[in-house]
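Me: I should like to learn how to read the features of a structural model, taking them in turn. May we begin with a backbone feature and then proceed to helices, side-chain pairs and pockets?

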Amino acid sequence: MQVYPNPSTPVADVYTREELPFTLKDVRSAIPDRCFEPNTARSLFYFFLDISIIAGLIAIAAYLDSWLFFPIFWFAQGTMFWALFVVGHDCGHGSFSKHKWLNNLIGHLSHSPILVPFHGWRISHRTHHANTGNIDTDESWYPVTEAKYAEMGFLEKLMRFYLPLIAYPLYLFRRSPGKQGSHFMPSSPLFKPSERNDIIVSTVCLLAMVGFLAALTFQFGFLFLLKYYLGGYVVFVIWLDLVTFLHHTEDDIPWYRGEDWYFLKGALSTIDRDYGIFNPIHHDIGTHVAHHIFSNMPHYRLREATEAIKPVLGGYYRKSNEPISKSFFKSYFACHFVADNGSKIYYQSPHVR
């Protein structure tokens with residue numbers, strides 16, 4: 001039921017708060033304590049495993065030097081770039097190890113080679129986790145309102161709704177619709193003044209990688225860069241956009257406004273998905289519900305934690321066993337905007353009115 005406010009009260013604050021039948025403490029109590037303990041040796045194993053596989057793939061591609069093999073190489077390399085990103089993702093959440101310096105070091109070593117500014121991404125991703133499911137304050141893959149959708153120009157709609165699988169590099173430079181700022185600039189509204197040095201460090205690391213790629217191109221030519229890096233990088237971007245899009249884009253996932261939103265309810269506005277043989281390769285990042293409730297768990301504990309919280313969450317736990325391609329195209333056509341008003345609302349499509 002909607003509460004009718006004083007005219008001076010912001011519209012976003014007037015929705016009645018609907019409580020979940022369980023608390024954050026209830027969910028936490030169901031999870032074994034070991035799930036929150038990072039094992040530094042195990043985390044480092046996954047990092048070096050991913051690096052070794054990437055190096056091995058490059059060696060094989062260089063040895064064969066065949067255009068028949070390069071498409072296979074690009075897919076495999078891009079998939080491993082995505083796996084490496086997930087290792088850096090743990091570093092960003094502090095779940096890689098208990099040592100901040102090691103998290104930052106491995107985070108940069110994981111993210112800079114794939115052109116992701118570690119601290120810039122880490123901070124914006126922190127904002128996303130703190131505001132998941134909130135229409136007004138979420139950071140990534142949040143819905144636009146119907147009014148905003150009507151105002152969006154052709155290019156903005158093209159990138160947001162029709163070419164979503166190549167949107168990530170643009171997001172790093174310009175963020176999502178309705179938000180301003182860059183992940184590379186310390187002056188961006190994304191960051192606090194106290195985070196300035198972190199942003200400078202990450203941007204310098206990324207520029208060093210760009211310089212390295214430029215030197216390779218100057219020495220060996222653009223075709224060399226295409227064969228051994230750009231092809232895999234494009235596949236990585238597609239993986240990143242596909243998985244993160246499907247984390248939060250489904251026509252039965254609710255979104256909230258104002259007082260009706262609170263952390264736990266918003267954190268449940270995500271869905272677990274099955275990527276088949278890719279689950280262990282990309283470190284079970286599809287196991288996403290438990291991760292959003294407690295982002296400080298290492299990726300190798302998420303499956304155990306998920307089984308532990310299912311009885312507590314009951315029907316509030318979401319998992320899709322649909323083929324990934326089916327889920328993507330369903331959301332691609334069905335999820336464009338939400339209503340301008342109301343809370344606990346769902347995606348709508350301009351194609352179905």
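Me: Is H283 buried or exposed, and where does H283 lie?

Reply: This is a predicted model. The general idea is to compare the relative accessible area with a cut-off: a residue under 20% is called buried. H283 counts as buried because its relative accessibility is 4%. H283 is placed in the loop between α12 (278-281) and α13 (289-293). Its backbone also deserves attention, since phi of H283 is near 55 degrees, a positive value in a residue other than glycine.

Me: What is phi of L115, and where is the place of L115?

Reply: L115 is a residue other than glycine with a positive phi, near 60 degrees. Its place is in the loop between α4 (100-111) and α5. With the cut-off for burial at 20%, L115 counts as buried because its relative accessibility is 18%.

Me: How should the length of a helix be read, and what does α10 reach from its first C-alpha to its last?

Reply: One compares the span with what is expected at 1.5 Å a residue. Helix α10 (residues 222-248) has 27 residues and reaches 37 Å from its first C-alpha to its last, close to the expected 39 Å.

Me: Where is the kink in α10 centred, and how many of its residues are buried?

Reply: The kink in α10 is centred on Y229 and amounts to about 45 degrees. As for its surroundings, α10 is mostly covered, with 20 of its 27 residues buried.

Me: Which residues are buried in helix α15, and what covers them?

Reply: In α15 (residues 324-334), the buried residues are I324, S327, F328, S331, Y332 and A334. Their cover includes α7 (154-162), α10, β2 (272-273) and β3 (319-320).

Me: How many salt bridges does the count come to?

Reply: A salt bridge is read from the distance between a side-chain nitrogen of Lys or Arg and a carboxyl oxygen of Asp or Glu, which must be within 4 Å. The count comes to 16 salt bridges. One of them pairs R126 with E195, whose closest N and O atoms are 2.9 Å apart. This pair links distant parts of the chain, 69 residues apart: R126 belongs to helix α5, and E195 to the loop between α8 (168-174) and α9 (196-220). R126 counts as partly exposed because its relative accessibility is 36%, whereas E195, at 7%, counts as buried.

Me: Which parts of the chain does the pair of E250 and R273 link?

Reply: E250 and R273 form a salt bridge with their closest N and O atoms 2.7 Å apart. E250 is in the loop between α10 and α11 (263-267), R273 is in strand β2, and the two are 23 residues apart. Both E250 and R273 are buried.

Me: What do the side chains of K265 and D260 meet in?

Reply: The side chains of K265 and D260 meet in a salt bridge of 2.8 Å, N to O. K265 counts as buried because its relative accessibility is 4%, and D260 likewise counts as buried at 4%. Elsewhere, salt bridges that share partners join E250, R273, E322 and K330 into one network.

Me: How far apart are D136 and D260 in sequence and in space?

Reply: Sequence separation and spatial separation are read as two values. D136 and D260 are 124 residues apart in sequence and 12 Å apart in space, C-alpha to C-alpha. D136 is found in the loop between α5 (118-130) and β1 (144-145), and D136 is partly exposed because its relative accessible area is 41%.

Me: Where does W255 lie, and which residues is W255 in contact with?

Reply: W255 lies in the loop between α10 and α11. Leaving aside neighbours within four places in sequence, W255 is in contact with residues including G133, N134, D138, W141, H248, S343 and Y347. W255 is buried because its relative accessible area is 0%. The C-alpha atoms of W255 and Y346 are separated by 6.2 Å, although these residues are 91 apart along the chain.

Me: How is empty space found, and how much space lies in the largest pocket?

Reply: Rolling a probe the size of a water molecule over the atoms shows where empty space is left. Here, about 740 Å³ of space lies in the largest pocket. It is lined by 35 residues, of which A167, Y171, R175, S176 and P177 are the closest to its centre. The elements that give two or more residues to this lining are α3 (70-93), α5, α7, α8 and α10.

Note on methods:
Residues are numbered from 1 along each chain as its sequence is written. This is a predicted model: local features need pLDDT of at least 70, side-chain atom pairs count only at pLDDT 80 or more; totals for chains, interfaces and linings use all residues. Side-chain values use heavy atoms; hydrogens and water are left out. Helices (H or I, at least four residues) and strands (E, at least two) are DSSP runs, numbered from the N terminus. Buried means under 20% relative accessible area, exposed over 50%, partly exposed in between (1.4 Å probe, protein chains only). The expected span of a helix is 1.5 Å times one less than its number of residues. The bend at a residue is the angle between axes fitted to the seven residues ending there and the seven starting there. Contact means heavy atoms within 4.5 Å. On a 1 Å grid over the protein atoms alone, a cavity is a set of points where a 1.4 Å probe fits but cannot get out, and a pocket is an open set with protein on both sides within 12 Å along at least five of seven lines; lining residues have an atom within 4 Å of a point. Grid points are joined across faces, edges and corners, and a volume is the space filled by probe spheres set on the points.
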